[in-house]
Amino acid sequence: MALGGQHVAPSPWSRSAKDPEAWLTRRLARRVAEGAPTAPDGLPGGPASHPVAQMLAFLFMLGPFLEESRVRFGSRLTLRMPGLPPLVQFSDPAAVKAIFADDGEGMHAGEANDVLRPFLGTYSVLVLDGPRHRAQRRLLLPPFRGSRMRAYGEAMRDISVAAVERWPCGETVVTQRLMQDITLDIILRTVFGMEDGADQDRMRGLLVSGLRILDNPLFLIRGFQKDWGPRSPWGRFLRLRAQTHREMDALIARRRREGTGEDILSILLGATHEDGSPMSDEEIRDELLTLLVAGHETTATGLSWALHRFSIHPEHLRRAQDELAEAFGNGPVEPGTALPFLDAFARETLRIHPVIGGVGRKLQRPTTIAGVALPKGVMVGCPIYLVHFDPTRWPSPERFDPERFLEKSPAPYSYFPFGGGIRRCIGEAFALYEMRIALAVILQRLEPIAVTRRVRTQRRNITLTPAGGLPLKWRARG
Ligand code: HEM
């Protein structure tokens, strides 16, 4: 059975079923009717395996682990990992709705993301909660409004065109790396406002070296964030981080002196808090790093999965090529042109290959979520992965079908690759715009040829990426 791209053997529970999907649907319905099992501490039941085993399964086999847990315990289940509060995973719409409806006082996402603080900084919107989170989010939202996307579109197109021209045809390439190059350059231009040149090269070098060290999911465990000297991975990361901070402080000082442009750094330099005070250099630096970390690998991963899907679904590739020919002929991709099929394709890609497996919140007070009473201090999560593969909401969830998103909207709380509520991804419109433009530029010129049809999912820090970076070959078009 293929679970969100993780091709695994059918679970022991479904192995005997002739039709695993119908079997799972019946089983989930029975679980709802019977009521979920309860653990001795009153939380919903969950795997009894050792907490270390649960942590390893969560980090390295997320899809199969969650899927098998759901089969056994239903849509509300508790995972237990060392050093962390119990994590209650809810995948039914009523519970997801209740979690996304929280106003940020009863549930803290920043605390749940705290392990990311050393990467992002203390002012990062991702690790803050309550009024401080609201204040930073208010400052960050204006540059990401849908109406501003056209301002970034030309940079997205020009960077994609320059990249595609460098790619070799007929040789096996590591797609994820190519996509990372595109998304990093787009952030350097549109967010940091950096043009080609020595400054940009130096910044890119530092960021790439730092980000590659962080690919390792073990750094999501506090115990592994230890400085054992300049040669140890975390020690190297800390030294690179200090260098990156110096480079960014110099960039911000230069831009304060020399004036601003159309990029997001410029907007932040002019932004003011509610009391009229400007953002400090440290706040701006932490938010720029946050946008880089949150927006670079995620979008590169979405693009890589989309190219994987184009490489194994020639009928969809032809349809996308026809749409592009009709929209642009042989001319350049015009940002802002509607491409409904390509957009639906990207959305279906993010359903079947969610880049982030789930979102988490920490309870600040005793809370009842869709009938389940939970104490303060427990973590609650919405496993995007499970919801996108729920056969009661997505018929034949393992079938890749962009039609699901053409002229239709998904049922409420059944699709949220960008999370939800007051923590919903700030870069959603940016990422979808970028995916549309980059895919349009690539498919106008090249066809992706699959090297292997079956691609496993591999965790890189918080993202679920194609294993081996997705080896592919390009064939030039016409
Ligand atoms: C395909 C690409 C992307 C995916 C799948 C994605 C997904 C997510 C998810 C799941 C969250 C957590 C939401 C929650 O807790 O409910 C999030 C938060 C966030 N994302 Fe994205 N993201 C993507 C691209 C981007 C881009 C391009 C940017 C900016 C350049 C960005 C900036 C952020 C920020 C700043 C937050 C924190 C919001 C907050 O805590 O208030 N993301 N994203």
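Q: Which word fits Ser 396: buried, partly exposed or exposed?
A: Quick ground rules: this is a predicted model, where local features need pLDDT of at least 70, side-chain atom pairs count only at pLDDT 80 or more, and totals for chains, interfaces and linings use all residues. Residues are numbered from 1 along each chain as its sequence is written, and side-chain values use heavy atoms, leaving out hydrogens and water. Buried means under 20% relative accessible area, exposed over 50%, and partly exposed in between (1.4 Å probe, protein chains only). Because Ser 396 has a relative accessible area of 28%, the word is partly exposed.

Q: What is phi of Ser 396 near, in degrees?
A: Ser 396 is found in the loop between H16 and H17 (helices, H or I, are DSSP runs of at least four residues, and strands, E, of at least two, numbered from the N terminus). Most residues other than glycine have a negative phi. Ser 396 isn't a glycine, yet its phi is positive, near 45 degrees.

Q: Where is Asn 461, in terms of the strands on either side?
A: Asn 461 also has a positive phi without being a glycine, near 55 degrees. Asn 461 counts as buried because its relative accessibility is 9%. Its place is the loop between strand E12 (457–460) and strand E13 (463–466).

Q: How confident is the predictor on average over the chain?
A: pLDDT is the predictor's confidence in each residue, from 0 to 100. In this chain 93% of the residues score at least 70, and the average pLDDT is 90.

Q: How many contacts does the stretch 1–16 have beyond near neighbours in sequence?
A: Over residues 1–16 the pLDDT is below 50. Contact means heavy atoms within 4.5 Å. Beyond its near neighbours in sequence, this stretch has a contact count in the model of 46.

Q: Which element supplies the largest share of the shell around the ligand?
A: The ligand is surrounded by 24 residues (near means a heavy atom within 4 Å). Helix H7 (130–140), helix H13 (281–312), strand E7 (359–363) and helix H17 (428–445) each bring at least two of the shell residues. The largest share is five residues, and it comes from H13.

Q: How many charged residues are in the shell around the ligand?
A: Sorting goes like this: Ala, Val, Leu, Ile, Met, Phe, Trp, Tyr, Cys and Pro are nonpolar, Asp, Glu, Lys and Arg are charged, and the others, Gly among them, are polar. The shell then splits into 14 nonpolar, seven polar and, as charged ones, three.

Q: Which residue gives the iron atom of the ligand its single donor from the protein?
A: Donors are N, O and S atoms within 2.8 Å of the metal (3.2 Å for Na, K and Ca), and sites may look incomplete with water not among the atoms. Here the iron's single protein donor is an SG atom 2.3 Å away. This residue sits in the loop between helix H16 (384–388) and H17. The donor belongs to Cys 425.

Q: How far is a polar side-chain atom of His 133 from an oxygen atom of the ligand?
A: His 133 is in helix H7, and it is buried because its relative accessible area is 3%. His 133 touches Val 125, Leu 128, Ile 422 and Arg 423, leaving out residues up to four places away in sequence. A polar contact is a pair of N or O atoms within 3.5 Å; within protein, one must be able to donate a hydrogen and the other to accept it, and residues adjacent in sequence count only if both atoms are side-chain atoms. From His 133 to the ligand oxygen, the distance is 2.8 Å.

Q: Which residue has a polar backbone atom 3.0 Å from an oxygen atom of the ligand?
A: Arg 361 reaches a ligand oxygen with a polar side-chain atom, at 2.8 Å. The 3.0 Å partner uses a backbone atom, and its name is Gly 420.

Q: The side chain of Gln 444 reaches which residue's backbone oxygen?
A: Gln 444 is in helix H17, and it counts as buried because its relative accessibility is 17%. Beyond four places in sequence, its contacts include Leu 324, Phe 328 and Arg 477. At 2.9 Å, its side chain reaches the backbone oxygen of Gly 331.

Q: How far apart in space are Phe 341 and Pro 142, C-alpha to C-alpha?
A: Phe 341 is in helix H15 (residues 340–352), and it is buried because its relative accessible area is 4%. Among the residues it touches are His 316, Glu 323 and Leu 406. Pro 142 is 199 residues away in sequence, and the C-alpha distance is 28 Å.
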